[in-house]
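Here is a small set of exercises to work through with the coordinates open beside you. Try each task on your own before reading its solution.

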Amino acid sequence: MIPPIKSMMCWNTNPVTQTPETDKIIEGLKREDLFMVSAEHFISDTAAYADIVLPASMGAEMEDMVLSWGHLYLTYNEKCVESPGEAISNNEIFRRLAKRMGYEEENFQWSDSECLENYVDWDSPACDGIDLNYMREHGFARLKVGTKDDRAPHKEGNFPTASGKCEFKLDGATNFVAGPFRQMYEGFQAGETLDCLPDYVASRETLETNPELAAKYPLNIISPKSHGFLNSCYANMEHKIKGQGEQFVLIHAEDANERGIQEGNRVRVFNDRGAFEGDAKITDDVSAGIIVATLGYWRQLNKGTVNCISSAEFVDMGHGPTFSDNLVQIELAS
């Protein structure tokens, strides 16, 4: 039996808006036997349930390194101003906690600068000619991994397979979660056996795969990110909400007419997992049978959020959540 979580520290995330099955998350955070500490800039949807909120420094108030996300550059984040009041960096929060809790490992004593010295592999061939002093002087650097004309990391093969070749059929493959999505921690991987050949895996919640559920909830919902927010960041700021617009639901005229929904009506989207409300936008940009509502909106500023209806079931590989594999119904809000 897995012991229950009795305490947790939450930083750099807002699970009440960003994780599936939000209502279950909230019920868990409301437990009397759960002690939660949140390091935050604002009283976010998640921080609102914390026992203690610690003021955290913002990006311009700390020295940091921005790692690449789909590109080949490192970027240096220079500290521009001191943090106001009692706000401190997350690293400093953990340094102080470690000291109070008796942890004496060297890494718990590193300053923010020393963390950058030690957590970036400056000796890697990709960092040839680049170090922290270079980054401070230039602000950014392209990793030394070749150009579009000559970059061929597998020119000689060297794939992590038994043969060293790219294998379409891979016996013994097991499920894994990539390092960047596990805070670079490689232990306790998923490990489930995978099919030796890639194959089509049908969505769980569709008319074809689950007709009984589709009879109750006939619409598929897609929930992409909002253009005006960064996940749920900035979704508490009036000028960002003004640019993004209030929570909306894109719906095809055929589905809207069937339900007596008109442009601008307040509607409720729901399934057995939860519900949220938004303003109907009737459009040909979505096909009949599909609705679209973007995520990131704060629950405390809205009646529910889109992840109230999202499933926590994993996809077939990588243990990603099935954010857009959900059947719902839509109706006029009361």
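**Exercise 1: The chain as a whole**

Of the 334 residues of the chain, what percentage count as buried?

*Solution.* Keep in mind that you are looking at a predicted model.
- Step 1: buried means under 20% relative accessible area, and 36% of the 334 residues count as buried.
- Step 2: turn to the surface, where the chain exposes about 21,100 Å², with carbon and sulfur atoms supplying 54% of it.
- Step 3: for the extent, the C-alpha atoms fill a box of roughly 65 × 60 × 50 Å along the principal axes.
- Step 4: the secondary structure amounts to eight helices and 14 strands.
- Step 5: among contacts with a separation of 6 or more, 63% come from residues 24 or more positions apart.

**Exercise 2: An open sheet and its helix**

Work out the order of the strands β1, β2 and β3 in their sheet, and find how α3 is placed against them.

*Solution.*
- Step 1: the sheet is open, its three strands follow the order β1-β2-β3, and their pairing is parallel.
- Step 2: β1 (7–11) and β3 (52–55) are the edge strands, since each pairs on one side only.
- Step 3: on average, neighbouring strands are turned by 15° against each other, direction ignored.
- Step 4: look closely at β1 and β2 (residues 35–40), which pair over five bridges; Cys-10 has Ser-38 in β2 as its bridge partner.
- Step 5: now add α3, which lies across β1, β2 and β3 and runs at about 155° to β1.

**Exercise 3: A nonpolar patch**

Which residues make the nonpolar surface patch of about 390 Å², and why can Leu-97 count as partly exposed?

*Solution.*
- Step 1: the patch is made by Leu-97, Met-101, Tyr-103 and Phe-108.
- Step 2: Leu-97 belongs to helix α3 (residues 90–101).
- Step 3: partly exposed covers the range between under 20% and over 50%, and Leu-97 counts as partly exposed because its relative accessibility is 34%.

**Exercise 4: Salt bridges and burial**

How many salt bridges does a search of the whole structure find? Take three of these pairs and classify each partner by accessibility.

*Solution.* The search finds 16 salt bridges.
- Step 1: Asp-33 bridges to Arg-31, with the closest N and O atoms 2.8 Å apart. Asp-33 is partly exposed at 40% relative accessibility, and Arg-31 is partly exposed at 30%.
- Step 2: Glu-205 and Arg-273 meet at 3.0 Å, N to O. This pair links distant parts of the chain, 68 residues apart: Glu-205 sits in the loop between β6 and α6, and Arg-273 in the loop between β9 (266–271) and β10 (274–282). Glu-205 counts as buried because its relative accessibility is 9%, whereas Arg-273, at 22%, counts as partly exposed.
- Step 3: Glu-277 and Arg-266 form a salt bridge at 3.4 Å, N to O. Here Glu-277 is in strand β10 and Arg-266 in strand β9, 11 residues apart. Glu-277 is buried at 12%, while Arg-266 is partly exposed at 31%.
- Step 4: finally, look for shared partners, and you will find Glu-92, Arg-95, Arg-96 and Asp-112 joined into one network of salt bridges.

**Exercise 5: A residue in a loop**

Where is Thr-161 placed, and which residues does Thr-161 touch, not counting those up to four places away in sequence?

*Solution.*
- Step 1: Thr-161 lies in the loop between β6 (140–142) and α6 (211–216).
- Step 2: with that sequence filter, Thr-161 touches Glu-167 and Leu-170.
- Step 3: as a distance check, the C-alpha atoms of Thr-161 and Asp-171 are 9.8 Å apart, for 10 residues along the chain.

Conventions
Residues numbered from 1 in each chain as written. Predicted model: local features only at pLDDT ≥ 70, side-chain atom pairs only at ≥ 80, totals over all residues. Heavy atoms only, no water. Patch = residues over 30% accessible without salt bridge, like charges linked within 9 Å, V, L, I, M, F, W, Y side chains within 5 Å. Areas by Shrake-Rupley, 256 points an atom, 1.4 Å probe, with all protein chains shown as cover. Salt bridge = Lys/Arg side-chain N within 4 Å of Asp/Glu carboxyl O. Helix = DSSP H or I, 4+ residues; strand = E, 2+ residues; numbered from the N terminus. Buried < 20%, exposed > 50% of the residue type's maximum accessible area, 1.4 Å probe, protein only. Pairing = 2+ DSSP bridges. Axes fitted to C-alpha atoms, helices over the stretch in contact; angles between N-to-C directions. Contact = heavy atoms within 4.5 Å.
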